[in-house]
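Open the model in your viewer and keep the selection box handy. We will go from stop to stop, picking residues and looking at what surrounds them.

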Amino acid sequence: MTPSSSDIAARRRAFRQLHASGCFVIPNPWDVGSARYLKSLGFKALATTSSGCAWSLGRADGDMSREQVLDHLREMVAATDLPVNADFESGFAADPQGIAESVRLAIETGVAGLSIEDSTGDAADPLLDIEMAVARIRAARHAIDKAGGDTLLVGRAENFFAGRPDLDDAVTRLKAYSEAGADCLYAPGIRTREQIEIVVAAVAPKPVNLLVGSASDLTMHDIAALGVRRVSVGGAMARAAWGGFMRAARGLAEKGRFDGFADAASGVELNGLFRT
């Protein structure tokens, strides 16, 4: 069911409140079923994953069109009554005007927040010039404000994901994005306590999102103590699901064995969850 405008407004208020203090996990489902399961576990908000969604459609991460992503956002917003943060990749546009239009369309899906990346997709020159990157964040901010200002804007510095792991440059970018109107800052790929502390201090008092996409010695308690406000997992849950599927499928194809079904979820449990 498509949520009402008052429901969307309430979700956005709740989402902003989650960023006001403390530290929370915002897990990343990739379809309606995974979203509803995460809702059943008591999570307070969800975030889409561009990679997880793309893989579920037999595509590589980054190969989905803006229209496909917007359709996915509508589906995820309708899946539960939780706030949804959109992994909106690079905004599906090169210039600020295009970013503003894309953000306008994303807001209309009902998302409570969205992120804009500063990567180019070009391995030889993987990061946007900082002036252009800042102009794109400003354009996104203007589009949000024009729509009422309640959608949360996340500015992402892609240095560590784009093969340019320069923490000083990432911090410079995040501070610039904050000044340009980003509500939450995000440098996916930072991992050490020192890196996290530096980023948190640089953009304080604005909240920082930390990506934990693989097994880590850090606990939620540790991460909260470092000053992080929210933790996302990106495509990790989708990869975990694919890992189980691939092991079971390979065991059957290569060895003729069914051992991979040993840890399969209960059909009774799943039917009970989705029937309600």
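Start by selecting residues 5-18, which form helix α1. This is a predicted model, and in it the 14 residues of α1 reach 20 Å from the first C-alpha to the last, close to the 20 Å expected at 1.5 Å a residue. Now show the side chains of I8, R11, R12 and F15, which are buried. They share one side of α1, because they cover an arc of only 100° around the axis. Turn the helix over, and on the face directed away from that buried side you will find S6, R13 and Q17, which are exposed.

Next, step into the loop between α1 and β1 (24-26) and select H19. Is H19 buried or exposed? Its relative accessibility is 5%, so H19 counts as buried. To see what surrounds H19, add F24, L152, C184, P207, R229 and R230, which H19 touches when residues up to four places away in sequence are not counted.

From here, move to strand β3 (residues 84-87) and pick N85. N85 has 3% relative accessibility and therefore counts as buried. Which residues is N85 in contact with, leaving aside its neighbours within four places in sequence? Highlight F15, I26, L46, A47, T48, G113, L114, S115, V154 and R230 to see them. Two of these names have come up before: F15 is one of the buried residues of α1, and R230 is also touched by H19.

Now for some helix packing. Select helix α2 (residues 32-40) together with helix α4 (residues 66-79). Their axes are 9 Å apart and the helices pack at an angle of about 30°, in a right-handed crossing. Show V32, A35 and R36 on the α2 side, then E75, M76 and A79 on the α4 side, and you have the residues that meet. Sorted by class, this contact has four nonpolar, no polar and two charged residues.

Stay with α2 a moment longer and colour its buried residues, S34, A35 and L38. Looking down the axis of α2, you will see them line one face of the helix, because they fall within an arc of 105°. What do the buried residues of α2 pack against? Display β2 (46-47), α4 and α10 (236-255) to find their partners.

The next pair is helix α6 (residues 130-146) and helix α7 (residues 167-179). Here the axes come within 9 Å and cross at roughly 35°, and the crossing of α6 past α7 is right-handed. On α6, select I130, A133, V134 and I137; on α7, select T172, R173, A176 and Y177, and the contact is in view. Its residues divide into six nonpolar, one polar and one charged.

For the last stop, remain in α7 and select L174. With 0% relative accessibility, L174 counts as buried. Leaving aside neighbours within four places in sequence, L174 is in contact with G155, R156, A157, L185, Y186, A187, V199 and V203. Finish by setting a distance label between the C-alpha atoms of L174 and A202: the two residues are 28 apart along the chain, and the label should read 8.2 Å.

Technical notes: Residues are numbered from 1 along each chain as its sequence is written. This is a predicted model: local features need pLDDT of at least 70, side-chain atom pairs count only at pLDDT 80 or more; totals for chains, interfaces and linings use all residues. Side-chain values use heavy atoms; hydrogens and water are left out. Helices (H or I, at least four residues) and strands (E, at least two) are DSSP runs, numbered from the N terminus. The expected span of a helix is 1.5 Å times one less than its number of residues. Buried means under 20% relative accessible area, exposed over 50%, partly exposed in between (1.4 Å probe, protein chains only). The arc is that of the directions from the helix axis to the C-beta atoms. Axes are lines fitted to C-alpha atoms, for helices over the stretch in contact, and angles run from 0 to 180 degrees between N-to-C directions. A crossing is left-handed if the near helix is turned anticlockwise from the far one by less than a right angle, and right-handed if clockwise. Contact means heavy atoms within 4.5 Å. Ala, Val, Leu, Ile, Met, Phe, Trp, Tyr, Cys and Pro count as nonpolar, Asp, Glu, Lys and Arg as charged, and the others, Gly among them, as polar.
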